[in-house]
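Here's a quick tour of the structure for anyone who works at the bench. Have a look at it first, then read on.

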Amino acid sequence: MREIRNIVILTGAGISAESGIDTFRSAGGLWEQHRVEDVATPEGFARDPDLVLRFYDMRRAAIQTKAPNAAHLALAELDANWPGELLIVTQNVDDLHERGGARRVLHMHGEHLNAWCTCCDARHRWTGPLIDRPPCPKCEARALRPDVVWFGEMPYHMDRIYRALRGADLFVSIGTSGAVYPAAGLVQNARELGAQTLELNLEPSQGSRLFHESRLGPASAVVPQWVAEVLAG
Ligand code: APR
């Protein structure tokens, strides 16, 4: 096995579950309570923008009441102390990695706390509601939408993610079901590029057999344990 210098970590909703943020596909998860086509597609937004804006306004307000858990804090500690390359690629649209202290984070599915102006393409930090169609602070068009990647849209930062994978010795997937591409395909890409692959999840994900190693358990337990091991060398 080659020495581990460069690490790419993919996180999903499971890492924020113990902070009280609903996952998508667990029993009682978001996609049981809402139709994906209604609230997470450009077509749904075109059909009923009020429904979609209200849904994201509620989620945006809710995440601001949540706090990072031990798993976010452990990854932040790894980020602060790891001497090699490290990239946390998150599918999560919450800001718990950043509030936990992590710095090397990319949001491939966008961010709840950003609004995107579909008129001038500007992005703005946004903590309040969008339902009343506030004007874009840059161009004043009333054309702001949540800066969240919907089904049928292109995830963000894919070039930087693939570049990091090319140099990765270890790929770690945390708290994701492996149901949504291209994130779900990153483990295969990492393997083909020669990285070791490790899954940390509550239960085996859909692509579990693609990992060299799987450790099952709640993120707040398995992530700090793994980080301690890695930092101890
Ligand atoms: N610790 C670790 N893993 C957990 C925990 C926990 N406490 N709780 C749940 N999990 C696991 C579940 O077992 C599941 O495998 O986290 C995973 C969550 O899966 P999903 O709900 O499908 O979330 P995610 O993989 O992030 O979804 C991917 O789908 O609709 C979208 O855009 C949305 O980014 C999201 C994407």
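## Salt bridges, ligand and backbone

Counting by a cut-off of 4 Å between a side-chain nitrogen of Lys or Arg and a carboxyl oxygen of Asp or Glu, you get 13 salt bridges in this predicted model. Take the one between Asp 79 and Arg 104: their closest N and O atoms are 2.5 Å apart. Asp 79 lies in helix H6 (residues 70-81), while Arg 104 is in the loop between helix H7 (96-100) and strand S3 (105-107), so this pair ties together parts that are 25 residues apart in sequence. As a reminder, side chains of opposite charge can pair when their charged atoms come close.

Now for the ligand. Which pocket does it take up? The space it fills is the largest pocket. There are 22 residues around the ligand, and the closest are Phe 24, Arg 25, Thr 176, Ser 177 and Glu 203. Sort that shell by class and you find nine nonpolar, ten polar and three charged residues.

Here are some polar contacts of the ligand:

| Ligand atom | Protein partner | Distance |
|---|---|---|
| Oxygen | Ala 13, polar backbone atom | 2.8 Å |
| Oxygen | His 109, N or O atom in the side chain | 2.8 Å |
| Nitrogen | Ala 219, polar backbone atom | 2.8 Å |

On its own the ligand has 730 Å² of accessible area, and the protein covers 94% of that.

Last, a couple of backbone details to check on screen. Most residues other than glycine have a negative phi, and most peptide bonds are trans. The peptide bond from Tyr 181 to Pro 182, though, is cis, with omega near 5°. You'll find Pro 182 in the loop between strand S7 (170-174) and helix H9 (186-192). And where is Asp 121 found? Look in the loop between strand S4 (110-117) and strand S5 (123-125). The phi of Asp 121 is positive, near 75°, and this residue isn't a glycine.

Definitions and conventions:
Residues are numbered from 1 along each chain as its sequence is written. This is a predicted model: local features need pLDDT of at least 70, side-chain atom pairs count only at pLDDT 80 or more; totals for chains, interfaces and linings use all residues. Side-chain values use heavy atoms; hydrogens and water are left out. A residue is near a molecule or strand if one of its heavy atoms lies within 4 Å of it. A polar contact is a pair of N or O atoms within 3.5 Å; within protein, one must be able to donate a hydrogen and the other to accept it, and residues adjacent in sequence count only if both atoms are side-chain atoms. Accessible areas come from the Shrake-Rupley method with a 1.4 Å probe; for residues, only the protein chains shown count as cover. On a 1 Å grid over the protein atoms alone, a cavity is a set of points where a 1.4 Å probe fits but cannot get out, and a pocket is an open set with protein on both sides within 12 Å along at least five of seven lines; lining residues have an atom within 4 Å of a point. A molecule sits in a cavity or pocket if more than half of its atoms lie within 2 Å of its grid points. Ala, Val, Leu, Ile, Met, Phe, Trp, Tyr, Cys and Pro count as nonpolar, Asp, Glu, Lys and Arg as charged, and the others, Gly among them, as polar. Helices (H or I, at least four residues) and strands (E, at least two) are DSSP runs, numbered from the N terminus.
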